[in-house]
Every structure is written in structure tokens, then in C-alpha cells.
Amino acid sequence: MSAWMVVVMLAVTQQPVDSAALVKLEDDWAHALVRRDTATFQRLLAPGFVYSENDVTMNRDDVLKSVSGTDTVTAAENEDMKVHRFGTTALVTGWLVVRGHGPGGAFERRYRYTDTWVKRGGRWQIVGAHDYLVPSSP
């Protein structure tokens, strides 16, 4: 078998494993929201990470500081995740549903997201994320 065929076969068999790993990392993110687990975010967020939500853009340090916000998150879960692979880069799209309470009372927020992950040194880290907070129904 040629070396080229071996490389192609390894790449094809690795994709489902990496897709499952990325789904798990997205779920780790959601669980870290509930626990206010800064260590998980430090592990997941690559240096230079950029986050945008609607009309706000934040850097890695801003996101790490926001983990200790005023809201209490009681549940966070992902729905309808899809992994789109591009070699050592992947986009993950889905819905994040966050429930909890804050100064304004109880809430349920739905975010449509696109997260960009890069695999470096055998490890996936998120380099960019965009969330759209769906307006609540009246």
C-alpha cells in the first residue's frame, strides 16, 4: 500500500474520533458555565481567543472575567451540534440553552453559536466563537 493511501486512511478514520472529542469539549464548556469553572475555560480558550455576542466583542481575558458574573446558571446544554472539519480546523455549530436566575429573575436563554476550534500539538482549543442571543418571546 502506498504511503499516500495510509495518510488518507488515517485522516478518514481520525475524523469521527475528533468530531466526538469536539462535541465533548462543547459539552465541557456548557458544564463549566454551571460550575463557574474558570480552569476549564482557561484550558479550552486558546491564546488570542476572540468572542462576539450580538454587538459585543471580547478577548480571552474578558471572557475569563465574565465567568464570575452576577447570574446563577442552573443548567446549560447543547442541542443540534454539527461538526464541520477542515483539516486541523473545525467549526462547531449548534444551540446552547442556558437556564438560571439573576437580578432580573429567572431566565432561559437560547444562543445560536458558531465556534472555531484549531488542533495544535494534538490538542483542540477554541480560537473564536460567535453567539447570537435569540430575543425572548413576549
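1. Let's start with two rings tucked away from the surface: Trp-29 is buried, and Phe-49 is buried too. Keep in mind that this is a predicted model. For Trp-29, the relative accessibility comes out at 11%. Since buried means under 20%, Trp-29 counts as buried.

2. How many aromatic pairs does a search of the whole structure find? The search turns up 2. One of them joins Trp-29 to Phe-41 in an edge-to-face arrangement, with 5.0 Å centre to centre and 80° between the planes. Have a look at where these partners sit: Trp-29 belongs to helix α1 (residues 3-35) and Phe-41 to helix α2 (residues 38-44), so the pair links distant parts of the chain, 12 residues apart.

3. Is Phe-41 buried or exposed? Phe-41 has just 2% relative accessibility, so it counts as buried.

4. Now back to Trp-29, which also pairs with Phe-49. This pair is tilted, at 6.5 Å centre to centre and with 55° between the planes. Because Trp-29 lies in helix α1 while Phe-49 is in strand β1 (residues 45-53), the pair ties together parts that are 20 residues apart in sequence.

5. Put those contacts together and you get a cluster: ring pairs link Trp-29, Phe-41 and Phe-49.

6. Elsewhere, look for arginines sitting over rings. Which ring does Arg-109 lie over? Arg-109 is over the face of Phe-107, at 3.8 Å from the ring centre. Arg-110 lies over the face of Trp-95, at 4.7 Å from the ring centre.

How values were computed: Residues are numbered from 1 along each chain as its sequence is written. This is a predicted model: local features need pLDDT of at least 70, side-chain atom pairs count only at pLDDT 80 or more; totals for chains, interfaces and linings use all residues. Side-chain values use heavy atoms; hydrogens and water are left out. Rings of Phe, Tyr and Trp (its six-membered ring) pair if their centres lie within 6.5 Å; planes under 30 degrees apart count as stacked, over 60 as edge-to-face and the rest as tilted. Helices (H or I, at least four residues) and strands (E, at least two) are DSSP runs, numbered from the N terminus. Buried means under 20% relative accessible area, exposed over 50%, partly exposed in between (1.4 Å probe, protein chains only). A charge sits over a ring if NZ of Lys or CZ of Arg is within 6 Å of the ring centre and within 35 degrees of the ring normal.
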